[in-house]
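Please look over the structure shown here. A series of questions and replies will then go through some of its parts.

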Amino acid sequence: MNEPVVRVAGLRKRYKNVNALDGVDFHVRRGEIYGLLGPNGAGKTTAIHILLGVLSPSAGEISVLGLSPVRDRPRLAPRINFCSAYVQMPFNLSARQNLEIYARLYDVANAREKIESLMAQFRLSALAKNKTGSLSSGEQTRLNLCKAMLNDPELLFLDEPTASLDPDIADLVRRQLIDFRKNKGLTIVYTSHNMAEVEALCDRVLFIHRGRAMAEGTPAEIQNRFKQESLEKVFIHLARTGDVTDASTGAS
Amino acid sequence: MKRIRTVVLRYVLIHIKSPARLLDLFFWPVMELFVWGFFSMYLAKMDVGLGARLTITLVNALVFWDILYRSQQSLSLAFMEELWTRNVVNLLISPLRHLEWVLGAYIYGLIKTGIIVGLLLGLATLFYAFHVSALGFYLIPMSVNLLLFGYGVGLFTTGLLLRWGHAAEALIWAIPFLIQPFSAIFYPLSVYPGWLKPLVLILPSTHVMESMRRLIDTGVYDWRSFFIAFGLNIVFTVLFTVFCVRMLERGRTNGQLVRMAG
C-alpha cells in the first residue's frame, strides 16, 4: 500500500501566457484512490494528460510505475488505462466491436469472456450490438469504463467518469471501482466535481487551484484543516478565496 | 502484426458500416470516369488526330490520379476519423505504436485503392473498350510510385491536422488538388512554361504520368523515370515524416493534441 506508483515533482506546464501547472508535487501509493480536485481550469486534466504522456510538461520530474510516460510508452501502455467522460469511441461500430478492437490492441487473453463480463458488470449486455453512436452519454461513459478495465490495469486514470451518469449508475460505477481496487489492487487517479463522491471514494486528495497545489491529505484531514463540515465547503472556500491558511493552527 | 491487423480491421469496419463513407468511396471516382471517358470518346469521334489513344491516355490518367488521391486520403482521413469520434487519446495511450497506426492506415489505403482501381478499370473496359494490357506489368511500378507519393502527402496533411486541428480539415481535400495541375496528369510536361518545369519535375507524379504516356505512345517503359520518381519519393517521405513527427511533438507540447482530441 505504501509503494508510490506515481511520483510528480516540480511539475510545470506553461502555455504562452498561462501557467496551467506551477510546480506541483504529489505521489500516489499503490492501491490508493487519489483525487485531483479543483475548479474548472485548475490543471487537473492537464496533470492527467501529462501522466498519460499525451502532453509534454514544461518542467518537472514524472514517474509512472517507475517509467517515463513518453520515453517508456511501449512498456507502460499495457499496464495503465484511462477513461474520461469527454473521450469517445467510433460511433458506427457496435459497443462490443469497439471493445473487441481494444481487446486486440491490448492483447487481452480470453477477450470474449472478459468483454461479456465487463459489459455485464456495467449493465451494458443488452446494448452490446447497438451502435456506439446510439448510446446515451451515460452508456458511452460506461462503455469507456469497460474499455479502461479491459487490460486489468495496475493504474487507472479517470477524468470525471461519473459526470454524465444518473445517481443510480454513478453509484454502480463507484461500487465497481471499489471492487476492482479490492480484488485487483488497482490504483486510481481520479478527478471529479462531485465532492460527496470524492469523500466516499478517495483515500487522499490534492486540491489544485490556478495550477498550484493548495492542500493535500485524506478528506477528513482536509476538512479538519480548514474547519469545514464537508469537502464541498472546503472546495468552495479554496476556489473563492485561494486561502490555504490552516484553520486549526493558523499556519499556511 | 496483430495491432496493425487490428487497425486495418477497425478502419474496414468503420467504412463498411457507413453508407455515407461507402458512397463517398465509389461515387466520385466513378462519376469522374464517366465524364472523362465520354469526353475522350467525343474528342476521338471529332477526329483530332489522336484516335483511341486519347481515351486510353485520359482514362489511365484518371485512374492514376485516383491512386494518388486515395492513398493520400487514406492516412489523413484515418486520423480525421479519430478526431471526429474524439478517440485520439484512447489510441495514443494504448499499446498501439505510432508506426503501427500509420502502417495500418497505409494497408487500409492500399485495400481501398485496390478496390477502386479494380472497379474503375472494370467499368472502363465495359464502357470504353479499355484494355489494362495497354500498360500490362508496368502498371505495378507506376502504381507503387503513386502510392508512395500519396502516402507521403498524406503524412504531410496529417501533420497539418496535428498542428492546426480541425482548422486544417479542408486542406486534406485541397492539398492533392494543389498538386494535380502541376503533375502533368491530363496533359504532357511540354505544355508547361519553361520557368515552371523545374517545379513540375520535382513531383514524382509527373515522372509517372510522363512514363505512362510514353509507354502508350511507344510501347516502351522508361525505367529511368521509375527510379527518378522512386528517389524523389524517398526524399519526400523522409521530409514529410520529419514534418509529421515534429508536428506531433509540437501538438504534445502546445496542448493541441489533447484539445482537439476531446
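The exchange below begins with how the model is to be read and then turns to its chains.

Me: What kind of model is this, and which pLDDT do side-chain atom pairs need in order to count?
Reply: This is a predicted model in which local features need pLDDT of at least 70, totals for chains, interfaces and linings use all residues, and side-chain atom pairs count only at pLDDT 80 or more. Residues are numbered from 1 along each chain as its sequence is written, and chains are lettered from A and ligands numbered from 1 in the order in which they are written. The pLDDT asked for is 80 or more.

Me: Which strands of the open sheet in chain A stand at the edges?
Reply: Helices (H or I, at least four residues) and strands (E, at least two) are DSSP runs, numbered from the N terminus, and two strands pair if DSSP finds at least two bridges between them. In chain A, three strands lie in the order β2-β1-β4 with antiparallel pairing. Two of these strands have a single partner each, so one side of each lacks a neighbour in the sheet. They are β2 (18–29) and β4 (59–64) of chain A.

Me: Which residue of β4(A) is the bridge partner of V8(A)?
Reply: Strand β1 (residues 4–15) of chain A runs antiparallel to β4(A), and five bridges join them. In β4(A), the partner of V8(A) is I62(A).

Me: How many of the 26 residues of α6(B) are buried?
Reply: A residue is buried if 20 or more other C-beta atoms lie within 10 Å of its own, exposed if 12 or fewer, and partly exposed in between, with C-beta atoms placed from the backbone. Helix α6 (residues 139–164) of chain B is mostly covered. The number buried is 20.

Me: Is R97(B) buried or partly exposed?
Reply: R97(B) lies in the loop between α4 (88–92) and α5 (98–128) of chain B. Within 10 Å there are 14 other C-beta atoms, so R97(B) is partly exposed.

Me: Which helix supplies the largest share of the side of chain B that touches chain A?
Reply: Residues are in contact if their C-beta atoms, placed from the backbone, lie within 7 Å. The contact takes 26 residues from chain B and 26 residues from chain A. On the side of chain B, α1 (2–16), α4, α10 (223–254) and α11 (256–260) each supply at least two residues. The largest share, six residues, comes from α1(B).

Notes: Two residues are in contact if their C-beta atoms, placed from the backbone, lie within 7 Å.
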